[in-house]
Structure formats: structure tokens, C-alpha cells
Amino acid sequence: MRVLLAFTLSLFIVFAHAADTGLHAVAPYPAKALALSDMSGKKFDLASYRGRVVLVNFWATYCPPCLKEMPSMERLQKRMAGKPFAILSVNVGEQNRDVQAFLKRVPVTFPILMDREASRLKAWKAFALPSSFVVDAQGRVRYVMFGGTEWDEPDALGKLMALLPAH
């Protein structure tokens, strides 16, 4: 099963690398359920983030575009500190030891959730790694991207800022 999952995810990575990597607006639709635990067992539920803009990012340590964009996600997290914004990063199909080894090289402050069986990846209809979904404060998906990007560059940052609820 693990070999089949790794092969399938490898195909996703190939398609992600070839995909148009712009952040694309979509007709708003309700975000799928996302309730997973991090490596320590702490539970996270997207529903509890209502009122905040959330970047949901599916990734794997063996995915070059995923690894390239991770530092920009950390810079985005720091830039958005104090704003109603969160990142939920969902590792797909890997074990804690693999993710922990990666995080020693590329430390991040946002939660890393574990989708070991890729059930959430499938439910969100993510067809590539990385796949990202921007969920607005009302719990609706507003932007999608299949492929990596620099999350703290002006285009992506501007789109995220425009979704933030007024204080």
C-alpha cells in the first residue's frame, strides 16, 4: 500500500511541476472537512478557524516544488502575524521521522498536520503536490493552486490580504 501511495504521489508531483503555478480565483465553495492531528497528536480542525483566512497546503518532503515553497510560507506566516490568518500545512503519506528530519533543515512555526493515508488529499480533490487552497473567513475556498509559489511575493500576498476580514 505504501509503495502504491508513493508511486501515485510521485505522479502528482510530476503534474504539479508542469502545472500553471498561479493562484487562481474560483467561484467560492464550502471547504471540505479537514480534521487531522500533528506529529505530537494535537488535533486541528479547519472549522475552528472560522473568522480567519486559512492557507491549506498539501505537500510531501520528497516533492521539490513543495520544499522550495516552504520557506516562503514561513515568511508569510511571520508577515501575517497578528492578522486573522493561519496556515495549515498537510503532509501527505509520510511518517513522523521523515517530516521531523525535514523540519530540522527547514523549521516552520505553523502546524504540520499528518494525512498518512492521503484521505484528505483525495477529499479536497488535490491532483498535484503541492496543492494549496485559500479558505476565506466564512469557510469558503476562494483560490486554488496546483504547484509551488513564493507565498510572500506581492501577487499572492495582495490576494490574501484582500480576503482578511475588516477589524
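Which backbone nitrogen does the side chain of Asp45 reach, and at what separation? In this predicted model, the partner is the backbone nitrogen of Ala47, at 3.0 Å from the side chain of Asp45. Asp45 belongs to strand E3, which covers residues 43–45. Asp45 has a relative accessible area of 34% and is therefore partly exposed, since that class lies between the 20% limit for buried and the 50% limit for exposed residues. When neighbours within four places in sequence are set aside, Asp45 is in contact with Leu34 and Ala35. Ala35 lies ten residues from Asp45 along the chain, and the C-alpha atoms of these two residues are separated by 4.2 Å.

The overall make-up of the chain is as follows. The protein chain contains five helices and eight strands. Read from the N terminus, these elements follow the order α-β-β-β-β-α-β-α-β-α-β-β-α. Of the 167 residues in the protein chain, 49% are buried. Among contacts with a separation of 6 or more, 72% are made by residues 24 or more positions apart.

Six strands form an open sheet with mixed pairing, in the order E1-E8-E7-E4-E5-E6. The edges are taken by strand E1 (24–30) and strand E6 (112–115); each has a single partner strand, so one side of each has no neighbour in the sheet. On average, neighbouring strands of this sheet are turned by 25° against each other, direction ignored. At the E6 edge, strand E5 (residues 85–92) pairs with E6 in the parallel sense, over four bridges. Within this part of the sheet, Val90 stands opposite Leu113 in E6.

Helix H5, made of residues 154–163, lies across four strands: E4 (53–59), E5, E7 (131–135) and E8 (140–146). The direction of H5 is at about 170° to that of E8.

Helix H3 has a buried face and an exposed side. The buried residues of H3 are Val99, Phe102 and Leu103. Viewed down the axis of H3, these buried residues fall within an arc of 100°, so they line one face of the helix. An α-helix has 3.6 residues a turn, so residues three or four places apart point the same way. On the other side of H3, the exposed residues are Arg97, Lys104 and Arg105. The cover over the buried residues of H3 includes E4, helix H2 (64–79), E5 and E6.

The aromatic rings were examined next. The count of aromatic pairs comes to six. One of these pairs is formed by Trp59 and Phe102, with 5.2 Å from centre to centre and 50° between the planes, and is classed as tilted. This pair links distant parts of the chain, with Trp59 in strand E4 and Phe102 in helix H3 (residues 96–105), 43 residues apart. Both Trp59 and Phe102 are buried. Elsewhere, ring pairs join Phe58, Trp124, Phe127, Phe133 and Phe146 into a cluster.

Several backbone features fall in loops. The peptide bond that joins Leu129 and Pro130 is cis, with omega at about -5°. Pro130 is in the loop between helix H4 (119–123) and E7. The loop between H4 and E7 also holds Lys125. Lys125 has a phi near 55°, a positive value in a residue other than glycine. With 52% relative accessibility, Lys125 counts as exposed, because the exposed class begins over 50%. A positive phi is found for Ala118 as well, near 60°, again in a residue other than glycine. Ala118 is in the loop between E6 and H4. The relative accessible area of Ala118 is 1%, which is under 20%, so Ala118 is buried. Of these two residues with positive phi, then, Ala118 is buried, whereas Lys125 is exposed.

Technical notes. Residues numbered from 1 in each chain as written. Predicted model: local features only at pLDDT ≥ 70, side-chain atom pairs only at ≥ 80, totals over all residues. Heavy atoms only, no water. Pairing = 2+ DSSP bridges. Helix = DSSP H or I, 4+ residues; strand = E, 2+ residues; numbered from the N terminus. Axes fitted to C-alpha atoms, helices over the stretch in contact; angles between N-to-C directions. Contact = heavy atoms within 4.5 Å. Phe/Tyr/Trp six-rings, centres within 6.5 Å; stacked < 30°, edge-to-face > 60°. Buried < 20%, exposed > 50% of the residue type's maximum accessible area, 1.4 Å probe, protein only. Arc of directions from axis to C-beta. Polar contact = N/O pair within 3.5 Å; in protein donor to acceptor, adjacent residues only side chain to side chain.
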